[in-house]
Structure formats: structure tokens, C-alpha cells
Amino acid sequence: MQVISFKTLLIVQVFYGIQGSISSPYRIYEMVPEGICKTRRIPLLDNFIINWDPITLSNPEMGAIFRQTWNSSSFKRFAECKFYVQAPPKMGLYLTISTAKLRKNSRGHCIDSIVVKKSNDKKYTFCDALDDDDDDDELKVFSDDHGKIRVTINLDTTLALPTLNDTLEVQLIATVKRSCNYLDASLAQCEEDDYDSCISKDFFGDGYVNCPECEDEKSCFKESQQVQIVNPSNVFLSAIISLFATMVVFGGCLWCLYKYRNCIGNCNSNSAGTARTDQNARVVAAEQMQVELQSSANELQPSAPPNDDKDLPPTYESLFPTSPSGRTN
């Protein structure tokens, strides 16, 4: 009885799963399992070996979702994913980049990238799902009137992810657009001024952005997801350049010292002679100053009055002359 109940439940789940897949307006493409992203065994010959057949959306009522997630080891086997999306004849194509979780370096430059090439050979390269040109950060939606768009996803396999738990992820939505027929109630217009911008009404309000201005959804704002890391190759290159510049400057200083070594000796001797001359001059100046001070001191000493001629008293001999016999008179 339990086995019968389990089988009944399984049949019901399968039935609802099939019904849900039929009612969904999208065909899901897992890019690696379905061979859209191929293993690159010989990169130089891949463009000649691999046949890049376009993925044609034959049913205009059905869109396509291309998605893939790489972990820290699986992304190394897929350096490039390239595929074409083709609309039915005489119909156009919308391509929405709804998710782009790729890497940027510290300067904001893309390490991994998505390249969208339209039928007029115009290319758009980016690594962010949001529109950087506008301030409202709307999702990137590309339109091609001829209905053929090429998508290339480039992953830098030489640079490992920061941690083992980090992943790279992309998701793209392709929608067929065609001329509007106002008698057809199953169509709705994406762009007011473009008569060839009608898509199926099933795409409106389904949670996926299909129209350029989010006419099919209430809002197309989405937070950007980036893996911000520093590229070690840039750091290594900067270190090599700094080391080389330091060696050049140091070598130049040594060369200058070697070339002008004689001048340095002469300059030192001249400096010593100049120092001795200055010292001798200071000694001479000090001696001269000392002499001047001594002379100034001598000039300041008091001097005796000059000897003037004065009347002196008469001497004893003049008062008492002696006779020749030696007696006094």
C-alpha cells in the first residue's frame, strides 16, 4: 500500500513538473552541460574545429534563458564561451543581461567579461549586469532589429578565485520581438515609439526583464554583484618596476660618486684649508683686538706733570765757599 502511494505521489509530481515546464514561456539552457561552453583543449584551433551554430528561437512565443555558475575549479576549464542567438526570419531580438557576477580588479577594470556583438558588428564589453551610463542602475538590455546577437563570455583562468566558496555566475534572457498587430491580443508593446517592439504578453509580469525600459515589469532595478579582488599580476609588475627604478637611481648615485671622486677630495682639502684660514684670521683678529685694548689702557693711565723750570734755593757751596787751604772763611 505504501509502495502504491509513493508511486502515485511520484506520478503527480512528474505531471505537475511537465505541466509547469510546458506553461513556462522560457527554454532553459545550462551552458556547460548542453555544450554551449565547450572545453578548450587547443585554444589556437578552437575557432576552426568548433562549429558555432546559432541557437534559433523558432517559436516567437518562447524565450530563452542562458545561465551558468562556475566554482573555483570548474571555471578553469572554460576560458571562453561563445554562442549566437538567432530570431525567426524578419523578427528582432532582445537580450537582457540579468546576472553578471564576474570579477573586477581594484581599479574597477574587468578581469572577466561579457562581450555582446550585434548584427551591425557593434560590440559592447562589460562585467556588470547594471547599466553604468544611467544613474538609475537599470539592467542591460540590447536590441537588434535583424535578430542575431553573438555573446562571448571570457573568464581569466590564470587568476584563481579569492576563496573556494566564491563562484562566477551569468544569466542572459533572449526574447523575440516583432511587428505589432493591435488586433492580436496576445502581443504587447515594449517601446512606445517602436512599432516593431511587440513581444508575447506571457513575458509581462513574470519576474524577468525583457523590455529595454522595463515595460514588462514593475521594476528592473537590481543590486550589482561583483567579486572585488586585486590582480596579483598587476602587483607583481608594479613591484618589478619599483625595484628596477630603485636600482637605476642607486646605480646613478654610485656612478656620480666614482666619476667625481677627485673633485670630492679637492673639495674636502679646500674646505680644510678654508677652515684653517678662517681660524688663523680669527686668531689674528683676536691678537689685534688685544693690542688695541692694551694701547687703549695705556692711554687712560695718569701721567706726571711736566718738569717746569723753577727758582731753586742756593746751594751750600754757594753760601759757604771754601778756601784753597781747605778752611772755611
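**Note on sheets, salt bridges and ring contacts**

1. R178 counts as buried because its relative accessibility is 16% (buried is under 20% relative accessible area, exposed is over 50%, partly exposed is in between; 1.4 Å probe, protein chains only). The model is predicted, with local features needing pLDDT of at least 70 and side-chain atom pairs counted only at pLDDT 80 or more, while totals for chains, interfaces and linings use all residues. Residues are numbered from 1 along each chain as its sequence is written, and side-chain values use heavy atoms, with hydrogens and water left out.

2. R178 makes a salt bridge to E61, with 2.4 Å between the closest N and O atoms (a side-chain nitrogen of Lys or Arg within 4 Å of a carboxyl oxygen of Asp or Glu). E61 sits in the loop between strand 2 and strand 3, and R178 in the loop between strand 11 (168-177) and strand 12 (187-189), so the contact ties together parts 117 residues apart in sequence. Unlike the buried R178, E61 is partly exposed, at 27% relative accessibility.

3. The whole structure holds 8 salt bridges. One of them joins R103 and D112 at 2.6 Å, N to O, and both of these residues are buried. Another pairs D194 with K177, whose closest N and O atoms are 4.0 Å apart. D194 belongs to the loop between strand 12 and strand 13 and K177 to strand 11, so this pair connects parts 17 residues apart in sequence. K177 is buried, at 1% relative accessibility. A network of salt bridges links K177 and D194 with D145.

4. One open sheet has 5 strands in the order 1-3-11-5-9, with mixed pairing (strands are DSSP runs of E, at least two residues, numbered from the N terminus; two strands pair if DSSP finds at least two bridges between them). Strand 1 and strand 9 (140-144) are the edges; each has a single partner strand, so one side of each lacks a neighbour in the sheet. Strand 9 runs antiparallel to strand 5 (residues 92-101), and 5 bridges join them. In strand 9, D144 is the bridge partner of L93.

5. A second open sheet, also mixed in its pairing, places 5 strands in the order 2-4-10-7-8. Its edges are strand 2 (55-56) and strand 8 (123-126), each with a single partner strand, so one side of each is without a neighbour in the sheet. Strand 2 and strand 4 (residues 80-86) run parallel and are joined by 2 bridges; T56 has Q86 as its bridge partner in strand 4.

6. There are 7 aromatic pairs (rings of Phe, Tyr and Trp, the last by its six-membered ring, with centres within 6.5 Å; planes under 30 degrees apart are stacked, over 60 edge-to-face, the rest tilted). The ring centres of Y26 and Y208 are 5.1 Å apart and the planes stand at 65°, so this pair is edge-to-face. Y26 is in strand 1 (residues 26-30) and Y208 in the loop between strand 13 (198-200) and strand 14 (227-228), 182 residues apart. Y26 is buried, at 6% relative accessible area, whereas Y208 is partly exposed, at 29%. F203 joins Y26 and Y208 in one aromatic cluster.

7. Two cation contacts are worth checking (NZ of Lys or CZ of Arg within 6 Å of the ring centre and within 35 degrees of the ring normal). R27 lies over the face of Y29, 4.2 Å from the ring centre. The charged end of K148 is over the ring of Y84, at 5.1 Å from its centre.

Definitions and conventions
Helices (H or I, at least four residues) and strands (E, at least two) are DSSP runs, numbered from the N terminus.
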